[in-house]
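Trainee: Could we walk through this structure together? I would like to take it piece by piece.

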Amino acid sequence: MADTQVLVASNRGPVSFSLADDGALSMRRGGGGLVSALGELSGDILWVCATLSDADRAAARRAEEGRLDVPGIGAVRMLDIPPGTFHRAYNAVANSTLWFVHHMLYDTPNKPHFDARSRRDWQSYEAYNAAFADALAQDAAQGAKVAVQDYHLTLVPTLLRERRPDVKITHFSHTPWAPPEYYRLLPDDIGRQVLEGILGADHAGFQTRRWAEAFVECCAAVLGARVDREARTVTHQGHVTRVGVHGLGVDGDALRARAAEPDVTARAAALREQVGDRRLIVRIDRTELSKNIVRGLAAYRELLAKHPEWRGRVMHLAFAYPSRHDLPEYREYTAAVQRMAAEISDEFGDGAWDPLILQVNDDYPRSLAAYGMADVLLVNPIRDGMNLVAKEGPALSKNGCALVLSDQAGAADEMSGDAIMVNPFDVSQTAEALHQALLMPADERSERCKRLAAAATALPPQQWFADQLSALG
């Protein structure tokens, strides 16, 4: 029954479920900027997402039409997509193809390799997107606003427009967007389909101007669409899509309130006992290929080799959240991170001082504690849509941290003036940037950090989301 005025579609929803041995289900609310943004909105909202586990599927089957009421969010409809279809759409297409293209991660002499199996995977991606379009079409009120999220759901805007031409649609890409010459690694028909899918939206949003412009150039080069670069519009098959830039920031007040809770202060005390009065370089990332952890560790190793005066006086906390371990490239990358960390400890550790603490597990309170303590925050992705670590760190810094930031992070657009910028492929430059950051006078570090925090919190999630709904008129 079509009845909802604002709908959000994303692969991952605001809640997840776990199943006890006796069959009882328990619900856990998720984190992240989008969940926070929706928690602040009032009115009639429905979030449409996929089931990600057996427990999610059980919850969806027990709920009437898969719809659940979630306090602080509204209604959530979880789509019970067959596991095989979901696996092929999510892992083989979204995470192993579209993610790799937009982050420019392919080892091109060997990959990509599009064959008959790839076509079956693509059919699953089409089916997955169609399931979302069907659900949104069923639940949207006349003239409703629909906000579709990210590279998992690029086909939804056009599929939904075919089903419900009355609704207003915005699509937001949280990732970078590949330039035309790299985008053309995709098979011609698939590359066209992705672009045409997003162009079904009235508004297409991106984190930075650079990614928005790359999308517009792909539309011109691949589709032959009519583009107005100044007005930032794309006209294709008689439909006009406005392209907008919305750089997602962090909610500083909410973040600081969470960082003041007892579990965070307890972890801060434990870290301080480990670190003592040494200077602290912090990095917090998923073990994701684009995050460039191995080169970051190599830069720290070169810092200790070229500037031996820091030995015993500095520690590097590298907190890595396990990511996509069902993909072999990610398992291998995590192992490479662990090998590099072990080599640094073996080469420079002396019994009284361990130069590095690497922890590969999910511990959000520990990350918040580390942000508050950092003298230097290292954020050196190969390519990143935004990178909220670069924003969370300055927002939570207690004494002012220096930010060493990759020029390939979307956050560079807003923060390059007060960060120490690096080419993420240049390990020696990154090592010298760490040295410069450690030498930065405390008052300069503090002033820079205040300006970085102001930039980081300028567009909090609530405003970011509201702006996109407003762009629909």
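What follows is a set of short questions and answers on this predicted model.

Trainee: In what order do the strands of the ten-strand sheet run?
Mentor: The sheet is open, and its pairing is mixed. Read across, the order is β5-β6-β4-β1-β7-β8-β9-β12-β11-β10.

Trainee: Which strands of that sheet have one side left without a neighbour?
Mentor: Look for strands with a single partner. Those stand at the edges, so one side of each has no neighbour in the sheet. They are β5 (67-70) and β10 (226-228).

Trainee: By how much are neighbouring strands of this sheet turned against each other on average?
Mentor: Direction is ignored for this angle. The average is 20°.

Trainee: Which residue is the bridge partner of A147 in β8?
Mentor: Start with the strands. β7 (residues 140-149) and β8 (residues 168-173) pair in the parallel sense, over five bridges. In β8, A147 is matched with T170.

Trainee: At what angle to β7 does helix α18 run?
Mentor: Helix α18 covers residues 461-470. It lies across β1 (4-9), β7, β8 and β9 (203-206). Against β7, the angle is about 130°.

Trainee: Is A9 buried or exposed?
Mentor: A9 sits in strand β1. Beyond four places in sequence, A9 touches V48, F132, L136, A147, V148, Q149 and L153. Its relative accessible area is 0%, and the cut-off for burial is under 20%. So A9 is buried.

Trainee: What distance separates the C-alpha atoms of A9 and F206?
Mentor: Along the chain, A9 and F206 are 197 residues apart. In space, their C-alpha atoms are separated by 16 Å.

Trainee: Why does T235 count as buried?
Mentor: T235 lies in strand β11 (residues 233-236). Leaving aside neighbours within four places in sequence, T235 contacts A225, R226 and V240. Burial means under 20% relative accessible area. T235 counts as buried because its relative accessibility is 16%.

Trainee: Which elements do the buried residues of α5 pack against?
Mentor: Helix α5 spans residues 156-163. Its buried residues are V156, P157, L159, L160 and R161. They pack against α4, β7, β8, α7 (188-198) and β12 (239-245).

Trainee: Which are the edge strands of the six-strand sheet?
Mentor: This sheet is open, with parallel pairing. Its order is β15-β14-β13-β16-β17-β18. An edge strand pairs on one side only. Here those are β15 (356-360) and β18 (420-422).

Trainee: What does the twist average from one strand to the next in that sheet?
Mentor: Take it strand by strand across the six-strand sheet. The average is 15°.

Trainee: Which residue in β16 stands opposite I281?
Mentor: Strand β13 (residues 279-286) runs parallel to β16 (residues 376-379). Two bridges join them. Opposite I281 stands V376.

Trainee: What angle does helix α14 make with β16?
Mentor: Helix α14 (residues 389-396) packs on this sheet. It touches β13, β16 and β17 (402-406). Its direction makes an angle with that of β16 of about 170°.

Trainee: Is H307 buried or exposed?
Mentor: H307 is in the loop between α11 and β14. Beyond four places in sequence, H307 contacts E302, E432 and H435. Its relative accessible area is 13%, and burial means under 20%. So H307 is buried.

Trainee: Which element gives the largest share of the lining of the second largest pocket?
Mentor: This pocket has a volume of about 610 Å³. Of its 26 lining residues, the closest to the centre are A92, S96, T97, S118 and D121. α3 (83-102), α4 (116-139) and α12 (328-348) each give two or more residues to the lining. The largest share, eight residues, comes from α3.

Trainee: How many charged residues are in the lining of that second largest pocket?
Mentor: Sort the lining by class. Twelve residues are nonpolar and six are polar. The charged residues number eight.

Trainee: How many polar residues line the largest cavity?
Mentor: The largest cavity holds about 30 Å³ of space. Its lining is H102, D150, Y151, T154, H171, S173, T175 and W177. By class, two are nonpolar and one is charged. The polar residues number five.

Note on methods
Residues are numbered from 1 along each chain as its sequence is written. This is a predicted model: local features need pLDDT of at least 70, side-chain atom pairs count only at pLDDT 80 or more; totals for chains, interfaces and linings use all residues. Side-chain values use heavy atoms; hydrogens and water are left out. On a 1 Å grid over the protein atoms alone, a cavity is a set of points where a 1.4 Å probe fits but cannot get out, and a pocket is an open set with protein on both sides within 12 Å along at least five of seven lines; lining residues have an atom within 4 Å of a point. Grid points are joined across faces, edges and corners, and a volume is the space filled by probe spheres set on the points. Helices (H or I, at least four residues) and strands (E, at least two) are DSSP runs, numbered from the N terminus. Ala, Val, Leu, Ile, Met, Phe, Trp, Tyr, Cys and Pro count as nonpolar, Asp, Glu, Lys and Arg as charged, and the others, Gly among them, as polar. Two strands pair if DSSP finds at least two bridges between them. Axes are lines fitted to C-alpha atoms, for helices over the stretch in contact, and angles run from 0 to 180 degrees between N-to-C directions. Contact means heavy atoms within 4.5 Å. Buried means under 20% relative accessible area, exposed over 50%, partly exposed in between (1.4 Å probe, protein chains only).
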